[in-house]
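Please open the structure in a viewer and keep the selection panel at hand. The tour proceeds by selections, each followed by a description of what is found there.

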Amino acid sequence: MIRVVVALYGLALRLLPRGLQDDHHAEIVALFERTVRDAGANGARAACAAVAEGWLGALRAVPGAWRDELAGGRSRLEWGPRGERGKTMSIRMTLRQATRSLVRSPRVTLGVVGLFGLGIGATVTVLSVVDGVLVRSLPYPEADRLVVVQDAAHAWPDFRDWQETVPAFEVLAAASGQTFTLTEAIPQHLEGARISAEFLAMMGAETSRGRLPSADEYAEGRRVTVLGDAAWRRRWGGDPEIVGRTIPIDGIAYQVIGILDAAFQPPDVLTGTEVDVWVPVDPADPELTRHTRSFNVAGRLAPGVSVEGAAVQLEARAIEFASAFPDLYADDAGEPRRRFAPATLADETRGDARGPLSILLAGALLLLLVACGNAASILLARGASRRGELATRRALGGGRRTILAQLLAESTILAVAGWGVGVALAVGGVELFKTLEPGDLPRIGMVSVDLRVAGVALLIAVAAGALAGFVPAWSGSRASPAAVLRRSASGSRGRNGSGIRRGLVLGEAALASLLLVGALTVVQGFSELTVIEPGFEPDGVYALSIDVGRELDEEGRARVTEALLDRLGAFPDVHDVGAGLNVPFEVAGGNRCCWRGSLALEEGDGADAWVHPVTPGYFSALGARFRVGRGFVRGDEADGTDPVILNATAAERIFGGATEVGQSVFFGSRRLRVIGVIEDLRHWGPDQPVEAEFYLPYGTDGSWASGLTFALRGTPPASEVLRAAVAEAAPRAVVGEVRPMHAVMARSLARYRFYTMVLTVFAASALLLACTGLGGTLLYDARLRAYELGVRAALGAGTGALAVRVVARASLTVAIGSGVGLLAFWPVRSRLGALVPGGESLDPVSLAAFIAVLAVSAGAAAWIPARFVARTDPARVLG
Amino acid sequence: MDIRHHLPLSPRDYLVLLALAEGPRHGYGILGAVTEQAGDMVTLDPANLYRSLKRLRRDGIVDEADVPPDEDTPTEQRRYFELTDVGRAVVAAEARRLARLTAVAREANLLDDGVVAG
């Protein structure tokens with residue numbers, strides 16, 4: 001028993017420093033054993049007491065022994081926790097002293113905290129956005145196993161086929177975002193989605209009331225719908241009795257069977273962000289053919305199956321489809337034209353947000369570095385002014401490590417305080433970001449500053465504090481008593497680490513220049529986007545969305561559309577009016593809509609192109625230019641031949657050389673007659689490449705679509721007059737707002753404008769900080785050298801010349817710094833293309849602007865110091 | 001080296017040095033002497049004893065003594081310690097310092113006659 005106790009005691013002693021163990025371990029153990037045995041002679045209780053005493057003593061000895069070890073034989077001034085005894089100062093003491101010292105210099109403290117707050121605020125704002133948009137996993141069960149079947153939209157029969165034949169998915173579901181009309185007395189738009197029965201369950205949606213759809217709703221003769229929480233509150237006032245009632249959607253009665261929980265977020269890539277009504281698809285609907293491809297298909301991978309495994313199985317189905325339905329799925333070589341490649345829902349959701357956000361994050365970090373540079377400068381200057389105090393402490397025996405520890409503690413405290421300020425700023429910053437963001441970033445609505453991001457920011461803040469504080473702390477703790485005392489006897493002169501400060505300012509200039517040149521090239525790229533030739537004349541053109549309603553059949557829709565065109569064209573100030581699924585620039589951000597087909601010279605092989613059903617007047621309203629031929633007119637469809645209009649790219653691709661009116665092309669098995677070729681319209685936006693497009697008359701080919709955008713050239717009447725006119729021609733139509741074409745175009749560029757603005761704000765802030773830093777350093781140096789300057793002035797050197805030297809120094813610093821910044825910019829400039837297309841070229845205009853801005857900055861930075869120097873009065877300084 | 005640098009001594013160190021003032025001792029002996037002199041006012045366990053000894057040796061106050069070990073002392077226990085000249089001066093200085101303080105306390109009537117704690 002005693003052996004065990006002694007052995008354990010011996011183990012505990014291993015905590016002691018090596019030196020003590022080597023010298024005395026055996027002795028201590030032996031002594032312990034002897035005392036325990038001796039005590040045992042007086043009874044078990046005494047023995048236990050001895051054991052306890054020995055144990056506690058050992059534990060108490062450990063920290064003390066280590067302290068002795070580290071103190072390394074320094075002499076003591078006084079007993080007690082206060083006093084300079086190497087590392088005997090506890091952490092608490094160090095922090096307390098650091099805080100006291102900071103409170104004594106409030107301006108420095110506030111300045112540095114402000115700087116850190118600014119840099120960390122910007123960083124936390126962007127980090128929160130990055131976290132919410134890119135990092136946080138999707139709010140669905142097993143979200144990392146959710147996969148989307150790519151290559152745009154699919155046909156319902158294909159989806160059903162995959163459900164049966166692709167075991168890689170444990171569940172597969174389909175969804176298609178759609179707008180519906182609530183066909184009550186005043187018809188209203190409803191954003192919604194048509195879904196397969198298992199969709200909501202697969203996405204983990206829960207109902208706050210009622211239930212989710214089951215697979216047999218239609219089989220049992222029920223038409224049902226589930227409402228989204230927001231729409232339920234907004235449109236039906238949160239009425240709890242709505243469950244069980246029917247509502248008219250597109251003229252048909254649907255029974256509301258449930259309300260979705262407010263926490264559910266629809267997956268935007270599958271259904272759009274806002275879903276007011278969820279409408280299960282009727283599997284027996286005859287319109288669900290292989291020709292209409294409108295469903296997004298997603299599924300959860302079966303356990304143990306990877307995305308690659310699913311890809312292999314889907315590829316096999318693609319080959320099957322190509323042989324089973326060659327005109328739809330095979331090209332002329334019999335190869336599958338459509339590949340059903342799976343991609344994770346997470347990747348699809350993030351889309352191309354990664355590029356721009358990483359650049360913005362880099363910008364924020366650069367700003368933080370510049371702020372750190374300024375903070376370090378201030379701390380250096382402060383350290384220099386405390387030389388006397390620190391040297392005295394060292395002369396009295398203060399350990400260098402203690403002083404170093406205290407100085408580092410000061411900068412860490414400042415950084416943590418800056419973190420607090422920064423997080424507070426970021427909360428506001430994130431809200432501002434969300435408000436200004438044009439809505440192109442996925443999941444932006446859920447972005448907020450949360451604990452994880454704040455925690456990461458704290459680490460960054462501590463690192464920043466260490467970075468900014470290290471050099472000042474190092475040089476401060478090196479204060480040699482003799483040198484300092486000598487110096488103070490002869491009057492304050494000397495460099496005081498100005499070399500380091502100069503290096504800091506140079507670094508800041510480089511970083512700020514890097515941000516500046518980046519911002520300028522992005523601005524340049526953006527402005528180029530705004531002036532790209534759109535292919536039509538947007539001045540005086542207005543866009544208006546009208547949904548004529550799905551209750552009408554195709555013929556009915558065509559008739560109503562004609563009536564609308566007549567009614568709108570009848571207004572005296574409207575010169576031209578036409579309609580299509582959308583007008584150019586309306587579908588932006590790399591998206592495409594709505595119908596793809598292929599045209600060929602001979603029946604069989606085809607070139608893929610986007611299909612646009614348009615009404616007569618569409619091209620003239622937009623001001624599109626015809627190379628040959630003309631637009632559609634009423635009666636084109638009646639004369640037996642089906643007309644088609646190509647854009648220049650499509651004509652080039654199909655015909656090669658000059659296209660003549662009257663030539664034939666095949667659309668599937670239909671023969672079409674070319675009646676015109678237009679100059680390319682930048683249909684998908686100025687940032688997108690021009691693609692092959694062709695246009696068919698709405699009456700014959702497009703009237704499956706009820707939602708159209710009307711283009712009016714001229715001056716549209718007032719809103720109420722317009723609505724009344726529309727209501728006359730189409731009583732059940734839902735009308736949107738009239739938008740000038742320029743606004744549509746601006747909206748398509750909104751995201752680039754936003755990114756450019758954010759980057760410019762970062763660059764301007766960094767430049768301001770760098771200028772302030774440079775100016776502050778120059779002024780500080782000038783003040784330090786006031787004596788020397790006074791002497792020079794007394795000896796006759798013109799103070800003007802001295803001031804010029806200050807300006808020269810500033811310019812040199814800025815020049816070198818900007819040179820470094822430009823050099824650093826060169827290898828990374830292609831990355832800026834992710835922020836704004838075309839934002840990677842540094843053209844002469846941007847370069848000239850860059851130099852101009854820097855020259856002004858250098859001048860501004862040098863202004864106050866130069867004045868100070870120029871006004872040096874020798875009498876005051878020397879006397 | 002000015003012995004004032006070593007003052008004041010911690011109570012533990014002082015007692016260890018007092019124990020050595022009468023002559024070289026080994027660890028067990030020091031423990032016994034301290035317990036005898038200080039009774040239950042100070043607890044000294046083996047680990048802290050050797051820690052003190054190591055520190056005192058480093059400061060040149062105590063040294064290892066050259067004493068032939070006797071037969072019944074276990075091998076591990078055969079290391080003896082003794083005061084150096086500096087050590088002797090230090091403990092004497094500490095004793096004087098404490099005596100002065102005690103005299104002040106007596107003048108202030110803090111001590112009942114004859115009853116001095118210890």
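Begin with the interface of this predicted model. Select chain A and chain B together: 29 residues of chain A are in contact with 25 residues of chain B. The area buried between the two chains is about 2,500 Å², and carbon and sulfur atoms give 56% of that area. Four salt bridges are counted between chain A and chain B. To display one of them, select A:D68 and B:R51, whose side chains meet at 3.1 Å, N to O. Across the same interface, 10 residue pairs are in polar contact, both residues being at pLDDT 80 or more.

Next, colour the helices on the chain A side. Both α2 (18-40) and α3 (44-71) of chain A supply at least two residues each to the side that touches chain B. The greatest contribution to that side comes from α2(A), with 13 residues. By residue class, the side of chain A that touches chain B comprises 12 nonpolar, eight polar and nine charged residues.

Now leave the interface and select residues 169-182 of chain A, which form β2. This strand is mostly covered, 10 of its 14 residues being buried. Which strands are joined to β2(A)? One is β9 (residues 293-301) of chain A, which runs antiparallel to β2(A) and is joined to it by six bridges. Within that pairing, A:V171 stands opposite A:R300. Another is β3(A), also antiparallel, with eight bridges to β2(A). Here, A:L182 has A:Q188 of β3(A) as its bridge partner. Together, β2(A) and β3(A) form a hairpin with five residues between them.

Stay at the hairpin and select A:T183, in the loop between β2 (169-182) and β3 (188-195) of chain A. Is this residue buried or exposed? The relative accessible area of A:T183 is 9%, so the residue counts as buried, the limit being under 20%. Show its surroundings: beyond the neighbours within four places in sequence, A:T183 is in contact with A:P248, A:I249, A:D250, A:G251, A:E551 and A:R732. For A:G251, display the backbone nitrogen, which lies 2.9 Å from a polar atom of the A:T183 side chain.

Finally, select A:G859, in helix α28 (residues 844-870) of chain A. This glycine is partly exposed, with a relative accessible area of 37%. Add A:A810 to the selection and draw the C-alpha to C-alpha distance: A:G859 and A:A810 are 7.6 Å apart in space and 49 residues apart in sequence.

Notes:
Residues are numbered from 1 along each chain as its sequence is written. Chains are lettered from A and ligands numbered from 1 in the order in which they are written. This is a predicted model: local features need pLDDT of at least 70, side-chain atom pairs count only at pLDDT 80 or more; totals for chains, interfaces and linings use all residues. Side-chain values use heavy atoms; hydrogens and water are left out. Contact means heavy atoms within 4.5 Å. Buried area is the accessible area (1.4 Å probe) that two parts lose on being put together, summed over both. A polar contact is a pair of N or O atoms within 3.5 Å; within protein, one must be able to donate a hydrogen and the other to accept it, and residues adjacent in sequence count only if both atoms are side-chain atoms. Helices (H or I, at least four residues) and strands (E, at least two) are DSSP runs, numbered from the N terminus. Ala, Val, Leu, Ile, Met, Phe, Trp, Tyr, Cys and Pro count as nonpolar, Asp, Glu, Lys and Arg as charged, and the others, Gly among them, as polar. Buried means under 20% relative accessible area, exposed over 50%, partly exposed in between (1.4 Å probe, protein chains only). Two strands pair if DSSP finds at least two bridges between them.
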